[in-house]
Amino acid sequence: MGDGAISLNTIDYKQGNAAINIYKTGTSTTVFGAEKSISPTNFENKVFAFWIYVNSNSTLSKLNIARIYLFDSAGNYHYWNLRLKVGWNKFVIIPNKIAERDVNYVWEEFHLYSREEGASATAPDLTSITKIRFYFETFSATDTIAEGSLVIDYLVLGLRITQNGGT
């Protein structure tokens, strides 16, 4: 997407033995990111969690927008702006709240973080989510994000997600 690329990261990851680097080497646009098409999946009354790693203040200072989108099979979507810090950032979306426009939340490290930031004219069908998009913009088209500086890992959808320990 845009001037971005993805690669496998086997150094910085939360689960398994690898994660996904999202980076920007091009200088023709500010936009970069990654998206994953999935079989129609029911997100209704489930919890969706993921981690984003930012390696430095230098990387963080180049990011103007960090956002996640959930799309249904008709192309309708919700999106949330994500507040990032250096290090690992854990986000939890409570999709069953998506249909309740006034109580859409993203949780960051188990603290209430943000209401839904935007949506298509028609709300997405939570029983048919078909795409997840991680969308980023830099302040300037000439800004680049080095490979390994921005990492996505541990995308999990379930009825309940529990964390053991402090990491």
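**Exercise: the pocket lining**

Identify the strands that each supply at least two residues of the lining of the largest pocket, and state which strand gives the largest share.

*Solution.* The model under study is a predicted one. Strand 2 (19-24), strand 3, strand 11 and strand 12 each contribute at least two lining residues. Strand 12 provides the largest share, with 4 residues. The lining as a whole comprises 14 residues, and Ile20, Ala34, Lys36, Phe134 and Leu155 are those nearest the centre of the pocket. The volume of this pocket is about 230 Å³.

**Exercise: the overall fold**

Determine how many helices and strands the protein has, and in what order the elements run from the N terminus.

*Solution.* Counting the elements gives 1 helix and 12 strands. Read from the N terminus, the order is β-β-β-β-α-β-β-β-β-β-β-β-β. The next step concerns burial and contacts. Of the 167 residues, 47% count as buried. Among contacts with a separation of 6 or more, 73% join residues 24 or more positions apart.

**Exercise: an open sheet**

Give the strand order of the open sheet of 5 strands and establish which strands stand at its edges.

*Solution.* The order is 3-11-5-6-10, and the pairing is antiparallel. Strand 3 and strand 10 (118-119) each have a single partner strand, so one side of each lacks a neighbour in the sheet and these two stand at the edges. The pairing of strand 3 may then be examined in detail. Strand 3 and strand 11 run antiparallel and are joined by 8 bridges. Within this pairing, glycine 33 is placed opposite tyrosine 135 of strand 11.

**Exercise: the nonpolar cores**

State which residues have the most contacts inside the largest nonpolar core, and which elements give two or more residues to it.

*Solution.* The largest nonpolar core has 25 residues, and Phe50, Ile52, Ile68, Phe134 and Phe136 have the most contacts inside it. The elements that give two or more residues to this core are strand 3 (31-41), strand 4 (47-54), strand 5 (63-72), strand 7 (87-93), strand 11 (129-138) and strand 12 (150-158). Another core, of 6 residues, lies apart from the largest one; its members include Tyr69, Phe71, Tyr79 and Tyr135. As background, nonpolar side chains in soluble globular proteins tend to be buried together. The surroundings of one core residue complete the solution. Beyond its neighbours within four places in sequence, phenylalanine 136 is in contact with Ile22, Thr30, Val31, Phe32, Gly33, Leu63, Ile65, Ala66, Leu84, Leu150 and Ile152.

**Exercise: the salt bridges**

Find how many salt bridges the model contains, and show which residues they join into one network.

*Solution.* The count is 2 salt bridges. In one of them, lysine 131 pairs with glutamate 35, with 3.7 Å between the closest N and O atoms; the criterion requires a distance within 4 Å. Because lysine 131 lies in strand 11 and glutamate 35 in strand 3, this pair ties together parts that are 96 residues apart in sequence. Arginine 133 also forms a salt bridge with glutamate 35, its closest N and O atoms being 2.6 Å apart. Arginine 133 lies in strand 11 and glutamate 35 in strand 3, so this pair links parts 98 residues apart in sequence. Glu35, Lys131 and Arg133 are thus joined into one network through shared partners. It remains to assign exposure. Glutamate 35 is partly exposed, at a relative accessible area of 40%. Arginine 133, at 18%, is buried, since the cut-off for burial is under 20%.

**Exercise: two residues and their distant neighbours**

Decide whether aspartate 72 and alanine 19 are buried or exposed, and list what each one contacts.

*Solution.* Aspartate 72 has its place in strand 5. With a relative accessibility of 6%, aspartate 72 counts as buried. Its contacts, leaving aside neighbours within four places in sequence, are Ala123, Pro124, Asp125, Ser128, Ile129 and Thr130. Its C-alpha atom is separated by 6.8 Å from that of lysine 131, although the two residues are 59 residues apart along the chain.

Alanine 19 has its place in strand 2. With a relative accessibility of 3%, alanine 19 counts as buried. Not counting residues up to four places away in sequence, alanine 19 touches Ser7, Leu8, Asn9, Asp12, Tyr13, Val151, Ile152 and Asp153. The C-alpha atoms of alanine 19 and aspartate 153 are separated by 5.0 Å, while the residues are 134 residues apart along the chain.

Conventions
Residues numbered from 1 in each chain as written. Predicted model: local features only at pLDDT ≥ 70, side-chain atom pairs only at ≥ 80, totals over all residues. Heavy atoms only, no water. Core = buried A, V, L, I, M, F, W, Y, C linked by side-chain atoms within 4.5 Å. Buried < 20%, exposed > 50% of the residue type's maximum accessible area, 1.4 Å probe, protein only. Contact = heavy atoms within 4.5 Å. Salt bridge = Lys/Arg side-chain N within 4 Å of Asp/Glu carboxyl O. Pairing = 2+ DSSP bridges. 1 Å grid on protein atoms, 1.4 Å probe; cavity = no way out; pocket = protein on both sides within 12 Å on 5 of 7 lines; lining within 4 Å. Points joined across faces, edges and corners; volume = space filled by probe spheres on them.
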